[in-house]
Amino acid sequence: MSFPIILITGQLLTDAVWQPLIDAWADREVIVADNRSDDTIECFAQRLLDNAPPKFVLIAHAMGGFVAFEVMRRAPERVVKLALISTLASADGPAQTARRQGYIDLVEKGQFDQVVEERIPILFPEEKRSDARLLGIARKMAADTGADTFLAQQRAIMARIDSRPRLGEIAVPTLLVWGEKDGITSRAHHDEILEEIPGARLEVVPGAGHLPAIEAPEVVLPLLTGFIDS
């Protein structure tokens, strides 16, 4: 039986971050969850559940992973498989909170474009920071998201809970995907999740940064398709 696929998108990102997957899965039911209309992780998760089919495959990227963990706490029986890309399960520490507050301060001063440019080095490894295609996608996704939505997403992320204590309750097949040159999440972040979710496995995407689905679709698409269909 083929289940619908729900994609949960990260901060300052749009459907474009999934485009290679959406194109390849044209014959499947694919739904991109709303990542714009709320300012708490709990509300994002409940909106997703309110609008989702009874059972589905859940694929989450970055901030979307925080939402996915909340979905698994609220309605684990509705998720048949879980894939987590470039995410982490812990809450923010002081350094992360300070960085996010710095972004908020810039936006409130009318310098949203500067926030976008400051994020480029943590989105992409050095050798890709002159790639016009990737930079164009990242900048357009940020522009399409806009400052107000970015602030709401920041508030949601900063207030999220630590998901690590309940990772062991996740009982569905789980795949982790991480770009080895991700400047936002680390191998240690993924190992924490890997060690707690029974039967989870990790796939490392060589040379990819924080956006592996658009950086290396030739690697990520077969991984996810094989995981869904297995």
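This passage describes the overall build of a predicted model and the cavities inside it.

The model is a prediction, so local features were considered only at a pLDDT of at least 70 and side-chain atom pairs only at pLDDT 80 or more, whereas totals for chains, interfaces and linings use all residues. Residues are numbered from 1 along each chain as its sequence is written, and side-chain values rest on heavy atoms, with hydrogens and water left out.

The protein contains 10 helices and 6 strands, taken as DSSP runs numbered from the N terminus (H or I over at least four residues for helices, E over at least two for strands). The C-alpha atoms fit a box of roughly 50 × 35 × 30 Å along the principal axes. The radius of gyration is 16 Å, in agreement with the value near 17 Å for a compact globule of 230 residues; this quantity is taken over C-alpha atoms, and the globule rule is 2.2 Å times the number of residues to the power 0.38. Of the 230 residues, 53% are buried, that is, under 20% relative accessible area with a 1.4 Å probe and protein chains only. Among contacts (heavy atoms within 4.5 Å) with a separation of 6 or more, 74% join residues 24 or more positions apart. The accessible surface amounts to about 9800 Å², with 52% belonging to carbon and sulfur atoms, as computed by the Shrake-Rupley method with a 1.4 Å probe.

Turning to the interior, the structure holds 3 cavities of 30 Å³ or more. A cavity here is a set of points on a 1 Å grid over the protein atoms alone where a 1.4 Å probe fits but cannot get out, and lining residues have an atom within 4 Å of a point. Points are joined across faces, edges and corners, and the volume is the space filled by probe spheres set on them.

The largest cavity has a volume of about 70 Å³. Its lining includes L12, L13, V116 and R139, and helix 5 (112–123) and helix 6 (132–145) each contribute at least two residues. By class, this lining has 8 nonpolar, no polar and 2 charged residues, where Ala, Val, Leu, Ile, Met, Phe, Trp, Tyr, Cys and Pro count as nonpolar, Asp, Glu, Lys and Arg as charged, and the others, Gly among them, as polar.

The second largest cavity encloses about 60 Å³. Helix 2 (41–51) and helix 3 (63–74) each supply at least two lining residues, with helix 3 giving the most, at 3 residues. The lining divides into 5 nonpolar, 2 polar and 4 charged residues; among them are F66, E70, R73 and S163.

Notes
1 Å grid on protein atoms, 1.4 Å probe; cavity = no way out; pocket = protein on both sides within 12 Å on 5 of 7 lines; lining within 4 Å. Buried < 20%, exposed > 50% of the residue type's maximum accessible area, 1.4 Å probe, protein only.
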